[in-house]
Structures are given as C-alpha cells and as structure tokens.
Amino acid sequence: MAAYETQGFKVDNSGKRVVVDPVCRIEGHMRVEVNLDSNNVIRNAVSTGTMWRGLEVILKGRDPRDAWAFTERICGVCTGTHALTSVRAVEDALKIQIPENANTIRNLMQLNLYVHDHLVHFYHLHALDWVDVVSALKADPKATSTLAQSISNWPLSSPGYFRDIQNRLKKFVESGQLGPFMNGYWGNPAYKLPPEANLMAVAHYLEALDFQKEIVKVHTIFGGKNPHPNWLVGGVPCAINLEGVGAVGAVNMERLNLVKSIIDRCAEFVEQVYIPDLLAIGSFYKGWGYGGGLSSKNMLSYGDIPQKANDYTSGNLLLPRGAIINGKLDEIHPVDLKDPEQVQEFVAHSWYKYPDETKGLHPFDGVTEPNFELGPKTKGSKTRIEELDEGGKYSWIKAPRWRGHAMEVGCLPRMVLGYLQPKQYPEIHGLVEGALKKLDVPVTALFSTLGRTAARGLETAYCVKLQSQQFDKLMANLKAGDLNTANIEKWEPSTWPKEAMGAGFTEAPRGALGHWIRIKDTKIDNYQCVVPTTWNGGPRDHKGQIGAFEAALMDTPVAKADEPLEILRTLHSFDPCLACSTHVMSPDGQEMTTVKVR
Amino acid sequence: MNSKRILVLGIGNLLWADEGFGVRCVEALNAGWEFPPQVELMDGGTQGLYLLPYVQEADCLLVFDAVDYGDAPGNLREVVGDQVPRFMGAKKMSLHQTGFQEVLMAAELTGKLPAELVLIGVQPEELEDYGGSLRDIVKAQMAPALDIAFAWLERWGAPARVRQGKAASLTDAALAIEVYEGERPSASQAYRLGDARFLNLEEA
C-alpha cells in the first residue's frame, strides 16, 4: 500500500512495524500494529478486534423482555449500561411510557456507574500509563505531604501516611510480587512525574481501591443485587415504601439515606482527590499533546440522563447529544438513531460479508455474516498472523460511520459538546473552562490523549453534581406521593403489535451505545448493538478512512520502540471496553502482551 | 457463633459454553441449598476488578471457575491458599481469570486478602461455542464440585442445608440453564464459533 492521505493524516506503512497483541483481553481481544518512521514516529496504525463478537445473534427468537439479561453478559464492565439500553430499545418499540421515578432511578444508577467506572479507569486502568510506581520508592514522604497539602484539603496527607504507603510498596517490590504493578515500563523516559507526585498517586490508587466498595452499594439498593442488577421493561424492579423498615423488601427511607450518604462521599472523593490528582498529573504532561486523533474533527454523542421521563430529545438530556464534523465547532448536528442515513456500519475491512461492501447498512437492516479472509500481504499463516494486511479485511469489528464520517465517541465528545453549549450546560462549561485556566492551556489542548483523560475527570465531577440533583428530584416526587416505579400495562405480549421496531441508546462511560430491535410475533427477530469500542476501535472503511484509535496513534513519537508506553497510554485514554487492559499474565507471572518489533 | 464472612463466587461467562461452569455451580447451590447468613453466594460473571469490594469483605473465599490446567476435559481440581492466584493466571485460560488474578492481588495490596482461599476448577472441554451451554462431561462435574464446596463450608462452620421451598433465583430467570439451553437459536440462525484462528494458539 502506498502512502495516502485521509482525514488530514498522511498514512504511510513503509517504516518498521511494531505489533502490540493483545492490548487488552476481556470482552473481545484487541491488537494494534503501527509503523514507525526513522525517528520512531507513528506513521500508520492498524487497530483490530481479534475475536468474533456477534453477540446479537443468540437473541433471535427469545423474549424481548429478557434481552437485557443477555446483553448484560456481553461485557464485563458495561453490564448495567447494556441492560438500560436494551430496556429502552424494547420500550421504544412497544411505545411504553415509564414512570417519572423509574427514569430518575435509572439516572441515579447510570450516574453511579459513571462515577465508579471513571474512578476505576483513572486510578486502576490508566494512571500507571502516567505514574511510575517504582519511582515512588525514591520519593521523600515529607515533600510528598507538602505537595499533597498544596493541592487539596484531603486529610490523608501527613508525611507519616506517605511513609507508611511507601513502606508497603517497598515490601511488595522486595517480595518480587509487584502485583498489579508488575509488567510496567518503569523508568521509561516517557514518564515525567517527580517521585513525590508518583508516591501521592500510588497512595490514591490504593485509596480508590478501597473506596469503590462504597460506590457499588447504590446498584444493590435499586437493582436488588450486584454485580448484575435487575432491570425491567417498563420501569425499575424495585418498589418503594418510605415507611418500610429493614433491609429486605421495598426501598425505604433508611436505604435512601444510605444512597444519599454514598452520593456525598463520592462528591468528596472526586473533588478532593480525583480532580486535584488529575490537574497535578496533567501539569507535568502539558507538553505531551499527542493522541487527539479524530477528536478535533469528528465527534459524536447520543446523550443521556433524561431530566423528564420519556423525553429523549436533546433539549431534555443532561449529558449532551450531537455530532461535530470537519472540525466545525460552531455547528452541532442533530443525531437520530433511527434515520437510515446517519448511523451505518461498513465491512470493507471487516471479516463480514455484505452484498455491496461500498455501502453501509443501518443497524435495523444490519447483516452479521462472517467472512474470515486475509489480505495478500498478510505475514504468517491463517492461524498465526504475524503481520496484518490492512489493505484487506483485518478486524472482527465493523466500521460504523455517522453520515459517512468516522467519529470519536466518549467522554471527550460529551464534554466538548457541553462546553460549546454554555446556555444548556453551564456546569460542564464552567468545569472545562476552570481546568483549562488552571493548566493554562488553550481549548485545543482538549484534543489529545491528556484532554480525553481530563474530560473523563471533569465529567465525573459533573456526574456527582447530577447525582445529588437527581436524588433531590426523586425525594421530592416521592414526598409528593408518587411512589410508582413501573408501568406494566404492556407487559403481556398479547398487548403488543404483530411487528414492532425500536432503538435504545445510552452514553456508556466509554461512549455512544445503541441497541436496535425488531420484534415479530412477540419474539426477537433481529437485534443489533453498536458499542462504543466499535466506534472508536473499528477499522478502515471502503474509502480508506481510519478509525478513532488508529487516528489517535498517528504522528505520536515513541521513546522506545520495544516499550509501547505511548501506544497504550493513548488507547487506554479511550477506556476501551476491554477491562483489565495491559495486565495480562501467564502462569509464571510474565505478561502475555507480546511486543514484536520488525 | 462463627462470624467468618464467606463468599462463594462463580465466575465466567455463561454465554461461552464451559466458561459458564462457575456461574452454573453457584446457581445450583442457591437453587438446592440454604446457608447461614454469613455465607454470600455470588454470580460474579466476568466483572474482574469490580468484584474487589466483595472479595475484600470476605474472610473465606471459595471460587468456582473453568480453569485450563492442561488436564483432560472435565477434570476437577481443588486448589487451596496461595496456590490460587497462581492457577488463576494460567496460560491460555479464558478471559476473565486474568482479571480475577488482579482482583486477588489488589485485595492483598490493600491488606484485605481473604485469609482462606479455595478454587474449585474444572478443565473445560469447549469454550468456542457462543450461546452454548456446559458440555456433558463438564456438567457432570457440577455435583462433585458442589460436594467439595459443602466440605469447605462445613469446615468453616457454615454447613449447607437442603433448601425448603423455592429459592429466589440468583441469575435472571431467562438465563436459567434450562431456559438458556431450550431457547437457543439454531446454528444456521446464530453463528456459534469464536475466533480461535486469531489467538495465535497454534504454537502455544
């Protein structure tokens, strides 16, 4: 393949090839291959999903009311989000109106998931791309304490506390079992934090591990159980009885008070730990402005968190909906999941077969017919691929496009869309502006790996505010005497039309998520999901347009070709729905991620 | 009064044939037996790090899982104590276990690793069957696996008793093994193969 230009990038695969496989190993495998030029700058990137995930087909013929339970199993991290999207799709198809309380409780569960997911992502799946754990051993606990106290009022900040953390860390390192810290590229020159900042971040890594057990209780209270809460077409499966007592049965005042206290503690942790850490780490990496990829050009969000029940128009969504194309930030396009011209999937470079592969298919008409064939320049054998040929088919992920454009989805698009609409989203605007000011960077700095990571933190701060607001709304409605949580008028299939179709959407923490359902004779006839990592991790299309991961890796210099820290840092910044990211081990504790330099 | 908190956890993805062993075991335990209040049965799915809070709270942890020991399919093994994390990270194993190894390490790092760890693992016969259920040889090991669990629960002072009446289901009713198996779409409707071709297993 000769060098060519697309979407403002010059793609050239003539340099040496580096293969990182697998990047992550949960819920589908992922691999990237890049070409480095003579200065070790990435000039070509190939993102491939290496596992079949036609998750929808097993739903054929089943009861639409059960779809959520299956979709919840698709993924190890997006469980609740898939379930919510699924019940919304069925409600859309059958025109079911949900009660106000059900909408608010779903919002609370979704916001709670955001806060949990973003925190875990930042501290446990992404921080170590910025924080050098081994360097923390060299930190002066007193200086660490001074640093911590200069950026936050968080009480755990004494020299003794940090000395204690450092000793625990030392013990771990000396025992030879770095645990989750094993296999990092410690000492790589791409790490920029001083030892004190590293130690502070490690301390908060540990605190966040402990803190997450508080957060998850909200899902148990409203969803009945965890880690797979119950969902219900038509509402939420929890009854409310404010006068009730005890821990069994309907949600009562005692448990609502617990929800409130969890919301307050989330706010405290985010404001006093997460955001200060983010800004502190960010200030050391300001100069590392790579990884923006498509974000400065094409961004998409479906929006979420409807303020009023059953109104899914953009004016009613507390997380913004819209599309930006060709970098025109002053023009926000409306998004409609059911418009056949908008969301389409292409398979010219995916291991599927369409009648005409220069055309995309809307998910309602989606076809999922596998076709595993490799391009002629593939190196290796069919069962052991050494190097992909991106000129041919090269991924199990389809290439979704919005009006023909490759789009980035996720927290960055959401926060940018909010920032651009200060009237509707004054809080998002204020948070983004505050962070830009504090770091003393222009708005264009958002379009980067670091910007994506910052957007996730700012969104968390916004979500803890929304949690409080939604909780107050729930309480006001309950106290006004409305205890209704489910509408079961159309529960019985006998009340359904012979044929129906609907679309459900959410913004999963990692981006736009849509489910499309066709119901025929009360059973599922067709079900299609387009998940966030399909948008971000998808391959090229028939025009050679690259996907969001691929674009984000372009033009990034790599300090050491055999330590792809910069590649992982950028891919992780998308929070790909492939949890547990880099830390994949074999029985003797060696990381299975293979890095091949050719 | 023995107040040791016991977590009985089934992990794996029940959509991938024998991967569902762990979840099916806790489901069966819940359906047929009752336990003292300090015992919690949990369908952990593929939640990885999100299971940490529950693991941190337990004094004794018993995990059911499909594990690639390199044994003959259906072989059942009981692994105890500090051998558990090592086995759960074994090579070529299914997707979620590496995540679970990380959970155990994170629990240790926060000083909250359960004092007692037991892994009851079966060697899977088939994983690459999307939408499929347990193979007979693996399903046949559920009863012996439960017996091992009963012995541990007894030892931990929390014996199981045969359940009187119907249990509240642990997984959603639509995922219960009979419904799941009975309503499976045909192979011509729903492609069943995972993609082993790309996993570079040939020489592994």
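How many helices and strands are there in chain B? Select chain B and count: 7 helices and 7 strands. Keep in mind throughout that this is a predicted model.

**Stop 1: chain B**

Colour chain B from the N terminus on. The elements run β-α-β-β-α-β-β-α-α-β-α-α-β-α. Now colour by burial. Of the 204 residues in chain B, 50% are buried. Switch to a contact map and keep pairs at least 6 apart in sequence. In chain B, 79% of those contacts join residues at least 24 apart.

**Stop 2: helices α7 and α9 of chain A**

Move to chain A. Select residues 195-215 for helix α7 and residues 253-285 for helix α9. Two packed helices are described by the angle between their axes and the distance between the axes. Here the angle is about 155° and the axes lie 11 Å apart. Angles over 145 degrees count as roughly antiparallel, so α7(A) and α9(A) are roughly antiparallel to each other. The crossing of α7(A) past α9(A) is left-handed.

Show side chains at the contact. On the α7(A) side, pick A197(A), A201(A), H204(A), E207(A), F211(A), E214(A) and I215(A). They meet residues of α9(A), including I262(A), R265(A), C266(A), F269(A) and V273(A). Farther along the α9(A) list come D277(A), A280(A), I281(A) and F284(A). Colour the contact by type: 11 residues are nonpolar, 1 is polar and 4 are charged.

**Stop 3: helices α3 and α12 of chain A**

Next, select residues 100-126 (α3) and 449-479 (α12) of chain A. Their axes come within 9 Å and cross at roughly 155°. That angle makes α3(A) roughly antiparallel to α12(A). α3(A) also passes α12(A) in a left-handed crossing. Colour this contact by type too: the residues divide into 12 nonpolar, 13 polar and 4 charged.

**Stop 4: sheet β15-β16-β17**

Strands of a sheet pair through backbone hydrogen bonds, either parallel or antiparallel. Which sense does the sheet β15-β16-β17 of chain A show? The pairing is antiparallel, in an open sheet of 3 strands. Select the edge strands: β15 (499-508) and β17 (523-530) of chain A, each paired on one side only. From one strand to the next, the twist averages 15°.

Add strand β16, residues 511-520 of chain A. It pairs with β17(A) over 7 bridges. Label I517(A), then look across to Y527(A) in β17(A), which stands opposite.

**Stop 5: sheet β9-β6-β14 and helix α10**

Another open sheet of 3 strands in chain A has the order β9-β6-β14, and its pairing is mixed. Select β9 (322-324) and β14 (408-409) of chain A. These edge strands have a single partner strand each, so one side of each is left without a neighbour in the sheet. Strand β6 (residues 299-301) of chain A runs antiparallel to β9(A), and 3 bridges join them. Label M299(A): I324(A) in β9(A) stands opposite.

Now add helix α10, residues 411-419 of chain A. The helix lies across β6, β9 and β14 of chain A, at about 90° to β6(A).

**Stop 6: S314(A)**

Finish in the loop between β7 (304-306) and β8 (317-319) of chain A, where S314(A) is found. S314(A) has 17 other C-beta atoms within 10 Å, so S314(A) is partly exposed. Show its contacts: G303(A), R321(A), G322(A) and P334(A), leaving out residues up to four places away in sequence. Then draw a line to Q469(A), 155 residues apart from S314(A) along the chain. The two C-alpha atoms are separated by 19 Å.

Note on methods: Residues are numbered from 1 along each chain as its sequence is written. Chains are lettered from A and ligands numbered from 1 in the order in which they are written. This is a predicted model: local features need pLDDT of at least 70, side-chain atom pairs count only at pLDDT 80 or more; totals for chains, interfaces and linings use all residues. Two strands pair if DSSP finds at least two bridges between them. Helices (H or I, at least four residues) and strands (E, at least two) are DSSP runs, numbered from the N terminus. Axes are lines fitted to C-alpha atoms, for helices over the stretch in contact, and angles run from 0 to 180 degrees between N-to-C directions. Angles under 35 degrees count as roughly parallel, over 145 as roughly antiparallel, 65 to 115 as roughly perpendicular and the rest as oblique. A crossing is left-handed if the near helix is turned anticlockwise from the far one by less than a right angle, and right-handed if clockwise. Two residues are in contact if their C-beta atoms, placed from the backbone, lie within 7 Å. Ala, Val, Leu, Ile, Met, Phe, Trp, Tyr, Cys and Pro count as nonpolar, Asp, Glu, Lys and Arg as charged, and the others, Gly among them, as polar. A residue is buried if 20 or more other C-beta atoms lie within 10 Å of its own, exposed if 12 or fewer, and partly exposed in between; C-beta atoms are placed from the backbone.
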